[in-house]
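Here is a structure to go through in plain questions and answers. Each answer sets a value against the rule behind the word.

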Amino acid sequence: MVEQPGNIVEAQQRFASRKDIDVIAAAQQGDKAAYKQLYETYVGRVYALCLRLTGERTMAEDATQEVFIQLWRKLSNYNGQSQFTTWLHSVTSNIAISYIRKQKGWFQRTFNIEDSPVMDDSDAGSAGDVELDRYILRLPERARHVFVLHAIEGYRHEEIADLLNMAVGSSKAQFHRAKQLLTEWMDDE
Amino acid sequence: MSSKNSQRLEQQAQSLSRDIQPERDLWQGIALGIEQREETLPATNDKHRSQWPLAAAASVMFVALFGWYMVSGMQAGPSVQQPSVEQLAATMSKQHQAQKEALLVSLQDQPALTQNWQQQLSELDEAALAIKAALEQDPDNVALLKMLQNVYQQQISLIERVHAPKWRQI
């Protein structure tokens, strides 16, 4: 019997999950080689999220390193109840947001144009030449955080409000603003 | 924005790549960071405990001084004498000097990441002197006060950055 492509994909996914579980278990036991394997598998995902949240390559690299350093100790909290990627994205969002907060002083956040874009187009190439990605990186910080977390990561506005210390209404307003800006920019091209 | 556009945008966002590879290898720094934190966790925490209040105090002091000035400026009636920008700059400089010295003392046992950080610190000192000289000519210029504050913030952040953990260099 010839296996259908769908079954092959499903089988591959199952295999990948099984393999991941073994690697995660080894890393939880303190196996650094296994942890490096996890890093190699997931660094792209973590970096993509950090890049979209920070809007800047160097800061995204630092945030990615911070995530993996903290993850080493947090890994024991993962109990296998959810998909590892779901858990990883949630941990990454939390660490990256708090990293961004630490890096930006109170003064900068308050006086510096909290709402101005943080990057120029030269950084956009690092997001993989995807047009929408380029525009996302140009969004004002808060609008970008909300858009990335809601539209890409699938967070609910209640969760975003909690994570970013803002009202649910503000999260919705920032999301609306982000969509408006992105549509305008894309229409102008 | 039409709901069609909005829907299209959300669909595009969902189809974005979840995987972007960094341009450089980050593992070396991570491995070193893990090692360092494992080895020096209690000591590092102690250090952080001793440094954090200094950096935080510096920020709070700047903000409080500046905020107080702005608020008192808005509330003061004609009969109330408000301190000049120059006076405020003098207070800020005095406080900054004390904070900077305390921070340097607390970090004296930690190796610095660059050789020329003290030169950079001196250049910032010179910038602060130039701003203070400009303030003497224009004692009510709030923009100069903000510039001075910015220079002081840069000094604090330079000191902190050059004494940051090794893994951040990689």
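Q: What makes the pair B:Gln155 and B:His96 a polar contact?
A: In this predicted model, the side chains of B:Gln155 and B:His96 come to 2.6 Å. The cut-off for a pair of N or O atoms is 3.5 Å, so 2.6 Å qualifies as a polar contact.

Q: Is B:Gln155 called buried or exposed, and why?
A: Buried, because its relative accessibility is 0% and the word applies to anything under 20%. B:Gln155 belongs to helix H5 of chain B.

Q: Which residues does B:Gln155 touch, leaving out those up to four places away in sequence?
A: They are B:His96, B:Lys100, B:Leu121, B:Leu124 and B:Asp125.

Q: What makes up chain B as a whole?
A: Chain B has five helices and zero strands, so reading along the sequence gives α-α-α-α-α. Of its 170 residues, 32% count as buried. Among contacts in chain B with a separation of 6 or more, 81% are between residues 24 or more positions apart.

Q: And what makes up chain A?
A: Here there are nine helices and zero strands, with the pattern α-α-α-α-α-α-α-α-α from the N terminus on. Chain A has 189 residues, and 49% of them are buried. For contacts with a separation of 6 or more in chain A, residues 24 or more positions apart account for 62%.

Q: How do you know that the length of helix H7 of chain A fits a helix?
A: You work out what to expect and compare. H7(A) has 12 residues, 141-152, which at 1.5 Å a residue should span 16 Å. Its end C-alpha atoms are 16 Å apart, so the two agree.

Q: Why is H7(A) described as largely enclosed?
A: Because 10 of its 12 residues are buried, the rest of the structure largely encloses H7(A). Among those buried residues are A:Arg144, A:His145, A:Phe147 and A:Leu149.

Q: What covers the buried residues of H7(A)?
A: The cover includes H2, H4, H6, H8 and H9 of chain A, together with H1 of chain B. Just after H7(A) comes A:Gly154, with a positive phi of about 80 degrees.

Q: What makes the length of H9(A) fit its number of residues?
A: H9(A) has 21 residues and, from its first C-alpha to its last, reaches 30 Å. That is close to the 30 Å expected at 1.5 Å a residue.

Q: What do the buried residues of H9(A) pack against?
A: They pack against H6, H7 and H8 of chain A, together with H1 of chain B. The buried residues of H9(A) include A:Phe175, A:Lys179, A:Leu182 and A:Trp185.

Q: What is worth pointing out about the phi of A:Asn165?
A: Most residues other than glycine have a negative phi. A:Asn165 is not a glycine, yet its phi is positive, about 55 degrees. A:Asn165 sits in the loop between H8 and H9 of chain A.

Q: Why is A:Asn165 called exposed?
A: The word needs a relative accessibility over 50%. A:Asn165 is at 62%, so it counts as exposed.

Q: What makes B:Glu10 and A:Lys179 a salt bridge?
A: Their side chains meet at 2.9 Å, N to O. The limit is 4 Å between a side-chain nitrogen of Lys or Arg and a carboxyl oxygen of Asp or Glu, so this pair counts. Between chain B and chain A the count is four salt bridges, and nine residue pairs are in polar contact.

Q: Which elements of chain B give two or more residues to the side that touches chain A?
A: They are helix H1 (3-14), helix H2 (27-75) and helix H5 (142-162). H2(B) gives the largest share, 10 residues. By class, this side of chain B has 15 nonpolar, 10 polar and 11 charged residues.

Q: How many residues does each chain bring to the contact, and what area is buried?
A: Chain B brings 36 residues and chain A brings 45. The area buried between the two is about 3,700 Å², with carbon and sulfur atoms giving 64% of it. In chain B, the residues that lose the most area to chain A are B:Arg18, B:Ile20 and B:Trp27, together 21% of what that side buries.

Methods: Residues are numbered from 1 along each chain as its sequence is written. Chains are lettered from A and ligands numbered from 1 in the order in which they are written. This is a predicted model: local features need pLDDT of at least 70, side-chain atom pairs count only at pLDDT 80 or more; totals for chains, interfaces and linings use all residues. Side-chain values use heavy atoms; hydrogens and water are left out. Contact means heavy atoms within 4.5 Å. Buried area is the accessible area (1.4 Å probe) that two parts lose on being put together, summed over both. A polar contact is a pair of N or O atoms within 3.5 Å; within protein, one must be able to donate a hydrogen and the other to accept it, and residues adjacent in sequence count only if both atoms are side-chain atoms. Helices (H or I, at least four residues) and strands (E, at least two) are DSSP runs, numbered from the N terminus. Ala, Val, Leu, Ile, Met, Phe, Trp, Tyr, Cys and Pro count as nonpolar, Asp, Glu, Lys and Arg as charged, and the others, Gly among them, as polar. The expected span of a helix is 1.5 Å times one less than its number of residues. Buried means under 20% relative accessible area, exposed over 50%, partly exposed in between (1.4 Å probe, protein chains only).
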